[in-house]
Amino acid sequence: MKRKIPLHTQILIGLVLGLAVGLVVVKFRISPDFINDYVQPIGTIFITSLKMIAVPLVLASLIVGVSNLGDITKLSRIGGKTILTYIFTTALSVSVGLLLVNLFNPGKSLPSETREKLMELYDETAGSKYQEAEQLQSQSPLKPLVDMVPENIFQAAAANEMMLQVVFFAIIMGIALIRIPKAKSAPVIAFFDGINDVIIEIVGFIMILAPYGVFALMASLIVDITGDNPDSAVELLLALLKYSLVVIGGLLLMVLFFYPMILKTFTKVKYMDFFKALRPAQLLAFTTSSSSATLPVTMKQVEQEIGVSEEISSFVLPLGATINMDGTSLYQGVAAVFIAQAMGFDLSLSQQLMIVMTATLASIGTAGVPGAGIIMLIIVLESIGVPSAGIALILAPDRILDMFRTIVNVTGDAMVCTVVASTEGELPEGLIRKSNPMTNT
């Protein structure tokens, strides 16, 4: 019997082939109509399928996770550990980004003609993002707390952008199930536990499409970036190469140095084993640029491959996909200073500390969907007095960088989940379980 190719290898093959096909279409100036009409829809179906199960998964897993904790004291302990660790890793990632951008000063090397070209090219897009951020800034400081409480849970569940409201409702319902008699809570918990198992099974079905979806997403992305003039896209990416390398360097530093150091300090999990177990989720994070869309796969890998108990993962991971954005926060720190440098602003130490605080708080309100970080970046820029129209300078490579930073977001969520599980004694002695057959389909 032939050995099946592992899922992560299939996804990687799809990614490389999609990149190659996209480059061939661009290089030989082939009409992109075939890609747009017949290839891109496959990727759209794949992402839509993942988003389809994101809300029911978060709702069911959080309700079960909270109710299974058994008492409010345990919930407070695990919740406190989770939120504090998320805040720490977010502040750390912003600090790493600021250190690197001040060390290499990528904004000071940007030619003035390139800056003017980019500002003109992306002025309309920057304007629309600015309006969205302006609306957020004009709100009351307590507006995020108001928005967290759903007026209609069914309406909130109908939009992935309102995931924080779903999380709030699920936690409240889980706490209520703890407090009522077990005879009444048991059937409700069993129902949502069954829903959770069904959703995980659906994930297995959707993952059959993963290699083809990744291929379609990558091929269409390359074609969309280049448009009718591939040379212009290359020039823009080259002009911002130094900035992009600083962002990617910071992201690599988080994934390859700080996360392993935290894991080694609080757990006995070997990082290479952790990394191998998480590969399918990381590859999906790269191609979808969405922590929320990747959440079902992240939960599956963390539970089945790393061995974290469902009790911990069903609470920590959905919360992380909603409020923990290490990669996005690092990018915001680098981008804010880069824009300031490119526009001739010298930021003081107090202004850079403001970036750390604002980016950390903003990450809590950043939706786990592609492009949401741009809106929060505008708020960061406004907090330090840098014109927010400067986001036009970094929009060219943003889609690519979004893919890289989502990997860090997902990896950070899984790392914190593993740490919390270890401190609660919810990690098996074997640490990393043997590969589950479902991950090799």
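Begin by selecting tyrosine 243 in this predicted model, and then show what surrounds it: leaving aside neighbours within four places in sequence, tyrosine 243 is in contact with Pro106, Tyr331, Val334, Ala335, Phe338, Ile394, Pro397 and Leu401. Keep the selection on screen while you add Phe274, Phe315 and Ile355, since these three and Tyr243 are the residues with the most contacts inside the largest nonpolar core, which has 113 residues. Now colour helix 2, residues 33–68, from which the largest share of this core comes, namely 13 residues. Apart from that core lies another, of six residues, and you can find it by selecting Ile35, Val39, Ala216 and Val223, which are among its members.

Next, step back to the whole protein chain, where the secondary structure comes to 19 helices and zero strands. Of its 441 residues, 54% count as buried, while the chain exposes about 19700 Å², with carbon and sulfur atoms supplying 65% of that area. Among the contacts in the chain with a separation of 6 or more, 85% are accounted for by residues 24 or more positions apart.

For the following stop, use the UniProt record, an unreviewed entry, whose annotation "transmembrane region" covers several stretches, including residues 42–63 and 198–223. Select residues 42–63, and you will see a span that is 100% helix and 0% strand, with its end C-alpha atoms 33 Å apart. Then select residues 198–223, where the chain is 92% helix and 0% strand and the end C-alpha atoms lie 37 Å apart.

Move on to helix 19, residues 398–423, and consider its length: at 1.5 Å a residue, its 26 residues should span 38 Å, and the end C-alpha atoms are 37 Å apart, which agrees. Is helix 19 largely enclosed by the rest of the structure, or is it largely open? Of its 26 residues, 21 are buried, so helix 19 is largely enclosed by the rest of the structure.

Finish just past the end of that helix, where glutamate 424 lies in the segment after helix 19. Glutamate 424 has 14% relative accessibility, and because the cut-off for buried is under 20%, it counts as buried. Show its side chain together with that of lysine 81, and you will find a polar contact of 2.7 Å joining the two. Not counting residues up to four places away in sequence, glutamate 424 touches Lys74, Arg77, Ile78, Lys81 and Ile312. The last residue to select is glycine 425, which follows helix 19 and whose phi is positive, near 70 degrees.

Notes
Residues numbered from 1 in each chain as written. Predicted model: local features only at pLDDT ≥ 70, side-chain atom pairs only at ≥ 80, totals over all residues. Heavy atoms only, no water. UniProt positions renumbered as here; feature names shortened; annotations may be inferred. Helix = DSSP H or I, 4+ residues; strand = E, 2+ residues; numbered from the N terminus. Expected span 1.5 Å × (residues − 1). Buried < 20%, exposed > 50% of the residue type's maximum accessible area, 1.4 Å probe, protein only. Polar contact = N/O pair within 3.5 Å; in protein donor to acceptor, adjacent residues only side chain to side chain. Contact = heavy atoms within 4.5 Å. Areas by Shrake-Rupley, 256 points an atom, 1.4 Å probe, with all protein chains shown as cover. Core = buried A, V, L, I, M, F, W, Y, C linked by side-chain atoms within 4.5 Å.
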